[in-house]
Every structure is written in structure tokens, then in C-alpha cells.
Amino acid sequence: MEVKKTYSLKSALWFVFGFSLVMVAATWLLSPLLAQFRATLLPDSGAAWYYWKLPHPELWATITMWVLYLAHQITVWVLIAKLKTEPRPEPDTIGKYNLQLLVANAVFIVLHLVQTVFFYDALAQFTPVMSSQGSVIVMLVMMLILLNSRRGLFFGKKVSLPPLGVAATQKVHGFYISWAVVFTFWFHPMEGTLGHLLGFLYLFLLMGQMSLARTTWHTKIGWLTFLEVFVAVHGAVVAIVAGNGMWPMFFFGFMMMFIVTQMFGILKNKIAVIGVIASYIALVLVTYSGALANLFSGTSVGWSDIHQITWIPVILYGLVFVLAWVFAGVYALIKKAKKS
């Protein structure tokens, strides 16, 4: 009987973090080469407008973005499908398809940087802003559904979600999240702004998470929580750089998800939990009192705006139930059709 070859999980993690940092540095170092494209960008015209795209589609930019995106997407999907047919690797190891996913993602990251330097434009030229943002929102909702059984949904308490919906989420989450990550990656040109660099670092780490599916690292609750919380930092930084005054909504909205749900997967000490909640409340009060108005450009929020911190949690928690029940209904229909 043939012994399946495995590789070191520790070495794979070193590669993920090291390669991610190297590519962020490379993106920043090469950003001056994009000045010729940046000089042609149209003025920002609001929330529905994506600033970092050429005024008009260019032939070779269009061809390269779509060919490379589709090649990346199909490669990842094929490897994930093959990975699902293999036994789980032993603890502290990864399998051959994990290794192939790591290599494939690394190659396409480099290719996207090269494509940006030569042609700049990305999928944002042809797809709306909400397609990228919405795909990530659904990814976060899926994580809430899948982790409900481990940490609960509200202050450590598990909620009753339809078992068929949870099972369906488990079945499709790998393919969906890999699409959300790869699509979002190719949605943006590899620009060197702080917001872009943080966003690409996040995407690189998510690609690492995707590549290490079915390994012991893939389900570590501390790592999963980090990936969830990173959105708060990235969203706040992008808003601060934009100077639109919306960073408190993003930061406190996503951090409320941490306070209500995510921290109960990693913190068990009641005193620590109370301390984190008290710190969050204090920072919210300081911010919405106007005390930070001079610290961050564009921050002019007051007590009348404090409701903003509930927008993101209301959307995400609402989508948990909507998605779970929709998936349950669709899965039930599929099972019924198969029996028929």
C-alpha cells in the first residue's frame, strides 16, 4: 500500500506569513511605477464609485485581468475538490493538495502584481463595488454560522439554527469563500496605499487559510478570530485615510461583533471578558463625545451618530438567520429531488 507523502505544517505556516509580508513589501516598493496610471484616474464621486480604476477599459488590461482571474479561480476550485477526496493529514502535517494550493496562490499573487505594473486595471472596471464588499460580508456570516456550535452567537450562548442550513454551509463554504477571496483579490489593482496594503495582507492570509483546509491549523479558534477581527482594523484604516468620518462605524461595528460573539471563543476568564467590554464601552463614549475629532481627519461624530455602531452587527446577525434558513430550504429541496 502506497504511503501518502505529507509535508510540515510548521514550514507551511512560515511560508504563508513570510511570503505575505514579502509581497506586501514588494507591492509598496513597486507602487511608484504606477504613477503613470494614477495620474489618469477620475475624481472620486461617492460611495458607489471605485476610485482605483482606469477611466476607460483597455484591451490588454481587460484580457490579462480576466484570463488570470479565471485561471486562478478554476485552479483553486479544482484543487479544493481534490482535497476534499483525500483523508485529513496527520496533526502538524499538510497533504500534497495543500502544498499545491499554497504554490498556486503564491504564483497568482506574483502574476497579479506583474499585471498591475504593466496594465494596472482589475475587475473593478467591470464589477460594482458592492460585489467585492458583499462577498466578504457573506464570508463573515458563514464563519458565524459554522462557529456557533463552538462559541455561541450571543455572549457565549449558542442559538438554534436549522441543522440542514448548517450542514449546507459546511459543504459549500470552502468553494464560496475561495471564490470570495480570489474575486476580491482580482477586484483591486495591487496599489501601494495603506488601505490596499492592509487589504492585500488580509487576502494573502485568507489564501493561506484556504490552502491549509483540513489541517489542524484551519480550525484553530484563535487564528479564526484573528481573521474575523482584522476586518475591523482594515475597514477603519481605509475610512481614516479617506477622511470620510466613517471609521467609527466600521471599527466599533466590527468590534461589537468581537464583544458579542468572537471573544467568547478565546476568552474564558470572566474578569478578562468584563475588562474587554468595559474598554470597548469607554472607547465608544470617548469617540462619540467628540474628544477624538482633532486626532483623526474627518472625525466629526457626536451622540446623535452613536447608532452607527449597530449597523454592521444588525446586518451580519440578520444574515446569519436568513442564510441558514435559505440554505436549509435549498438543501432540503435538493435532497428531496435526489430521492425522487
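**Contacts, pockets and overall build of a predicted helical chain**

Once neighbours within four places in sequence are set aside, Thr 62 is in contact with Pro 57 and Phe 126. This is a predicted model, and Thr 62 offers a convenient place to enter it. The residue is found in helix α3 and, at 22% relative accessibility, it counts as partly exposed, because the buried class ends at 20%. A further link across the sequence involves Leu 123: the C-alpha atoms of Thr 62 and Leu 123 are separated by 8.2 Å, although the two residues are 61 apart along the chain.

Helix α3 also holds Val 78. With a relative accessible area of 38%, Val 78 is partly exposed. Its C-alpha atom is separated by 9.7 Å from that of Phe 175, which is 97 residues away along the chain.

Stepping back to the whole chain, the secondary structure comes to 11 helices and 2 strands. Read from the N terminus on, the elements follow the order β-α-α-α-β-α-α-α-α-α-α-α-α. The radius of gyration is 21 Å, close to the 20 Å that the globule rule gives for 340 residues, so the chain is as compact as a globular protein of that length. The C-alpha trace spans about 70 × 55 × 45 Å along its principal axes. Among contacts between residues at least 6 apart in sequence, 77% join residues at least 24 apart. Of the 340 residues, 50% count as buried. The chain exposes about 16,900 Å², and carbon and sulfur atoms supply 72% of that area.

His 112 gives a look at the buried part of the model. This residue has its place in helix α4, which covers residues 96-119, and is buried, with a relative accessible area of 0%. What surrounds this histidine? Not counting residues up to four places away in sequence, His 112 touches Ala 122, Phe 185, Trp 186, His 188, Pro 189 and Met 190. Met 190 appears again in a pairing with Gly 18: their C-alpha atoms are separated by 18 Å, with the two positions 172 residues apart along the chain. Gly 18 lies in helix α1 (residues 9-30) and, at 31% relative accessibility, is partly exposed.

Attention now turns to open space in the model. Rolling a probe the size of a water molecule over the atoms shows where empty space is left. The largest pocket holds about 1,500 Å³ of space. It is lined by 41 residues, and those closest to its centre are Val 129, Gln 133, His 234, Val 238 and Phe 250. At least two lining residues come from each of α5 (129-151), α6 (163-187), α7 (194-211), α8 (221-242), α9 (247-260) and α11 (311-339). Sorted by class, the lining has 28 nonpolar, 12 polar and 1 charged residues.

The second largest pocket contains about 670 Å³ of space. Its lining is made of 24 residues, with Leu 146, Gln 170, His 173, Ala 213 and His 218 nearest the centre. Two or more of the lining residues come from each of α3 (59-84), α5, α6, α7 and α8. Which of these helices gives the most to the lining? That place goes to α6, with 6 residues. By class, this lining has 12 nonpolar, 7 polar and 5 charged residues. Helix α3, home to Thr 62 and Val 78, is thus listed among the elements that line the second largest pocket.

Two loop residues deserve a closer look for their backbone angles. Most residues other than glycine have a negative phi. Phe 155, in the loop between α5 and α6, has a positive phi near 55 degrees. At a relative accessible area of 45%, Phe 155 is partly exposed. Arg 214, in the loop between α7 and α8, likewise has a positive phi, near 75 degrees. Its relative accessibility is 22%, so Arg 214 counts as partly exposed.

Notes
Residues numbered from 1 in each chain as written. Predicted model: local features only at pLDDT ≥ 70, side-chain atom pairs only at ≥ 80, totals over all residues. Heavy atoms only, no water. 1 Å grid on protein atoms, 1.4 Å probe; cavity = no way out; pocket = protein on both sides within 12 Å on 5 of 7 lines; lining within 4 Å. Points joined across faces, edges and corners; volume = space filled by probe spheres on them. Helix = DSSP H or I, 4+ residues; strand = E, 2+ residues; numbered from the N terminus. Nonpolar A, V, L, I, M, F, W, Y, C, P; charged D, E, K, R; others polar. Rg over C-alpha atoms; globule rule 2.2 N^0.38 Å. Buried < 20%, exposed > 50% of the residue type's maximum accessible area, 1.4 Å probe, protein only. Contact = heavy atoms within 4.5 Å. Areas by Shrake-Rupley, 256 points an atom, 1.4 Å probe, with all protein chains shown as cover.
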